[in-house]
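User: I am new to this structure and would like to be led through it with a handful of questions. Please reason each answer out before giving the result.

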Amino acid sequence: MSIQTELRGLTGARGVAAWFVVLYHIRYGIAGLPDPLLRMFAKGYLAVDFFFLLSGFVIWLAWHDRLRAAGSAGIAVFLQRRVARIWPLHLVMLAFAVALALAMLVTGRDASAEFPWPELPLHIFLVQNWGFTDSLTWNDPAWSISAELSAYLAFPLLVLATDWRRWPTWALIGAAAVVLGILHIVMARAGAPTLGWQIQRFGVLRCLAEFTTGSILCALWLRWRDWRPAPLLTGTVMIATAGLWVAGVAETATVPALFAASLLTLALIDPINPLARRLPHYLGEISYATYLSHFLLFVVFKLVFVTDPRAIPPAYVALYLALVLTASIVLYHGVERPAQRWINRWSPVRAPHWSGARTG
């Protein structure tokens, strides 16, 4: 059974989103950054919402038919491959954080707030964002990987519960609207001003809602990919929701819908999507390493090279960005992919015979 498992333009979009997260975390340190760029980079945390939608899309595309055809054996293989995808690099970066915490402890710096030792086991098992903590610690961006793990565990249940392909189009759009509407209502009633508010409390809900919506988007893409007016339709929705956001309508109500329409538009134009070209596609390939490494690298970079963390000269910012890119390449080829292949060679069950592109 040959299954298409990648749209190259979406992989490229993941790379762009990862670098927006990088710029979000360093924005206050860039000396002389113009206010418009500062405001734009300040919204970089929203790239994670795009990640969640994209993850639901590509995992539904790659695994829905497989899980339905293979049953429990397919579920075991699916979970093993997701673990192989996210855990090794996470553990390497967590070990780096432990080494950094020990170095700061030895040199007399108090880093107990950023690196609380009693919480370390939660991070090892990637459950730190399941309501067990009240702040982001150790490697802060890993909160979203913890939330993604909950979505991976729920995905086989979603597959068994429904087949989006059997739903009429109006029902698919309605289901996506309901799921994102629930996310908005829950966060709005709690007084959330942004999607990034109280991540430790709402991160898993944010992930599950957007991951589920991403799977619905994939079903719509399969239905609309050869319908020529489709990109115009989704592009119109994208512009309309962006206008509502700019006009002041709540971020929790507009941004997930904006990103959903954007993701579907990018998928529909994939054959001509400039993000499918070699360089952006490669940045997307190494984006997980970029995402997981950049935060701790910035901590170390500031300790070693920076005297005033609120006014880092542009040359030093460029040096840091080059360091992140280099580390991403090394971690992807030296840790992420080899560990993934090694884990996937071992399986507690016999994997069903599947052909097609790798699922990542």
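The questions and answers below concern aromatic rings, a buried serine and a pair of helices in this predicted model.

User: How many aromatic pairs does a search of the whole structure find, and what kind of pair do Phe-51 and Tyr-291 form?

Analyst: The search, run over the whole structure, finds 16 aromatic pairs. For Phe-51 and Tyr-291, the ring centres lie 5.6 Å apart and the planes stand at 80°. Planes over 60 degrees apart count as edge-to-face, so the pair of Phe-51 and Tyr-291 is edge-to-face.

User: Which helices hold Phe-51 and Tyr-291, and how many residues apart are they?

Analyst: This pair links distant parts of the chain, with Phe-51 in helix 3, which covers residues 47-70, and Tyr-291 in helix 12, which covers residues 287-305. Along the chain, Phe-51 and Tyr-291 are 240 residues apart.

User: Is Tyr-291 buried or exposed?

Analyst: The relative accessible area of Tyr-291 is 4%, and a residue counts as buried when that value is under 20%. Its partner Phe-51, with a relative accessible area of 13%, is likewise buried. By that cut-off, Tyr-291 is therefore buried.

User: Which residues does Ser-144 touch, leaving out those up to four places away in sequence?

Analyst: Ser-144 is found in helix 6, residues 143-161, and with a relative accessibility of 4% it counts as buried. Its C-alpha atom is separated by 9.5 Å from that of Asp-49, although Ser-144 and Asp-49 are 95 residues apart along the chain. Once residues up to four places away are left out, Ser-144 touches Val-48, Phe-52 and Tyr-291.

User: Which charged residue sits over the ring of Trp-63?

Analyst: Trp-63 forms one aromatic cluster with Phe-78, Phe-155 and Phe-211. A charged end also sits over the ring of Trp-63, 5.1 Å from its centre, and this charged end belongs to Arg-66.

User: How are helix 7 and helix 8 oriented to each other?

Analyst: Helix 7 (residues 169-189) and helix 8 (residues 199-224) pack with their axes 10 Å apart, at an angle of about 165°. Helix 7 passes helix 8 in a left-handed crossing, and the residues that meet include Leu-172 and Val-179 in helix 7 and Leu-205 and Ile-216 in helix 8. Because an angle over 145 degrees counts as roughly antiparallel, the orientation of helix 7 and helix 8 to each other is roughly antiparallel.

Notes
Residues numbered from 1 in each chain as written. Predicted model: local features only at pLDDT ≥ 70, side-chain atom pairs only at ≥ 80, totals over all residues. Heavy atoms only, no water. Phe/Tyr/Trp six-rings, centres within 6.5 Å; stacked < 30°, edge-to-face > 60°. Helix = DSSP H or I, 4+ residues; strand = E, 2+ residues; numbered from the N terminus. Buried < 20%, exposed > 50% of the residue type's maximum accessible area, 1.4 Å probe, protein only. Lys NZ or Arg CZ within 6 Å of the ring centre and 35° of its normal. Axes fitted to C-alpha atoms, helices over the stretch in contact; angles between N-to-C directions. Parallel < 35°, antiparallel > 145°, perpendicular 65-115°, else oblique. Left-handed = near helix turned anticlockwise from the far one by under 90°. Contact = heavy atoms within 4.5 Å.
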